[in-house]
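I opened this notebook to record what can be looked up in one protein model. The entries run from the overall fold to single residues.

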Amino acid sequence: ASKFSPPGSCIDISFAVEDGYVWVMVKDSGIGIAEDKQARIFEKFYRVDGSDTAPRGLGLGLYLVQNLVTAHGGQLRLESRPGRGSTFAFSLALTQEESG
């Protein structure tokens, strides 16, 4: 979030408990993500802005987050609008299921 937000801007991290899951939300006031690009944001090596002026990176961060969260039975959510920032949220179960 800090990579895509203006220097000195706030990044809010919050959580909520819902139906046996904890949801962690990370909200920034950055550049936001256009709706037509949101479907691909969790793809391996995908970068919304691949220009030379874009923040550096390989396009692996959100791909890895998605794989870790889903491997633990969680979900991901994204709300974003260009110029208004993004909110990424993920859920994890509060209790571990017993294997039988």
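The entries below follow the order in which I looked things up.

**Entry 1. Overall make-up**

I note at the outset that the model is predicted. I counted the secondary structure first and found two helices and four strands. Along the sequence these elements follow the pattern β-β-α-α-β-β. I then looked up burial and found that 21% of the 100 residues are buried. The exposed area of the protein is about 7,400 Å², and carbon and sulfur atoms supply 53% of it. I also looked at how contacts are spread along the chain. Among those between residues at least 6 apart in sequence, 49% join residues at least 24 apart.

**Entry 2. The sheet**

I next asked in what order the four strands stand in the sheet. The order is S1-S2-S4-S3, the sheet is open, and the pairing is antiparallel. S1 and S3 stand at the edges with a single partner strand each, so one side of each has no neighbour in the sheet. On average, neighbouring strands are turned by 15° against each other, direction ignored. As general background, I recall that strands of a sheet pair through backbone hydrogen bonds.

**Entry 3. Strand pairs and hairpins**

I took the pairs in turn, beginning with S1 and S2. Seven bridges join S1 to S2, and the two run antiparallel. Glutamate 18 stands opposite tyrosine 21 in S2. The hairpin of S1 and S2 has two residues between the strands, and in this hairpin aspartate 19 takes a positive phi near 50°.

I then turned to S2, which spans residues 21-27 and pairs with S4 in the antiparallel sense over seven bridges. Within this pair, valine 24 has phenylalanine 90 of S4 as its bridge partner.

How many bridges join S3 to S4? I found six, with S3 (residues 76-81) and S4 running antiparallel. Leucine 78 has phenylalanine 88 in S4 as its bridge partner, and serine 80 has serine 86 in S4. The hairpin of S3 and S4 has three residues between the strands, and glycine 83 takes a positive phi near 80° there.

**Entry 4. Phenylalanine 88 and methionine 25**

I looked up phenylalanine 88, which is found in strand S4. Leaving aside neighbours within four places in sequence, I found phenylalanine 88 in contact with Val24, Met25, Val26, Ile33, Phe42, Leu62, Arg77 and Leu78. I also checked a distance from phenylalanine 88 to aspartate 28. The two are 60 residues apart in sequence, yet 8.8 Å apart in space, C-alpha to C-alpha.

Methionine 25, one of the contacts of phenylalanine 88, lies in strand S2. With neighbours within four places again left aside, the contacts of methionine 25 are Asp12, Ile13, Ser14, Phe15, Ala16, Thr87, Phe88 and Ala89. The C-alpha atoms of methionine 25 and leucine 78 are separated by 9.5 Å, while the residues are 53 apart along the chain.

**Entry 5. Serine 91**

I asked whether serine 91 is buried or exposed. Its relative accessibility is 1%; because burial is counted under 20%, serine 91 is buried. Serine 91 lies in strand S4, residues 85-93. Beyond neighbours within four places in sequence, serine 91 is in contact with Tyr21, Val22, Trp23, Val69, Gly74 and Gln75.

**Entry 6. Valine 17 and a surface patch**

I looked up valine 17 next and placed it in strand S1, residues 12-18. Valine 17 has a relative accessible area of 56%. Exposed means over 50%, so valine 17 is exposed. Together with Phe15 and Leu94, Val17 makes a nonpolar surface patch of about 340 Å².

**Entry 7. The salt bridge**

My last search was for salt bridges. As a general matter, side chains of opposite charge can pair when their charged atoms come close. The count here is one salt bridge. Which residue does arginine 40 pair with? The partner is glutamate 43, and the closest N and O atoms are 3.0 Å apart. I checked the accessibility of both residues. Arginine 40 is partly exposed at 40% relative accessibility, and glutamate 43 is partly exposed at 33%.

How values were computed
Residues numbered from 1 in each chain as written. Predicted model: local features only at pLDDT ≥ 70, side-chain atom pairs only at ≥ 80, totals over all residues. Heavy atoms only, no water. Buried < 20%, exposed > 50% of the residue type's maximum accessible area, 1.4 Å probe, protein only. Contact = heavy atoms within 4.5 Å. Patch = residues over 30% accessible without salt bridge, like charges linked within 9 Å, V, L, I, M, F, W, Y side chains within 5 Å. Areas by Shrake-Rupley, 256 points an atom, 1.4 Å probe, with all protein chains shown as cover. Salt bridge = Lys/Arg side-chain N within 4 Å of Asp/Glu carboxyl O. Pairing = 2+ DSSP bridges. Axes fitted to C-alpha atoms, helices over the stretch in contact; angles between N-to-C directions.
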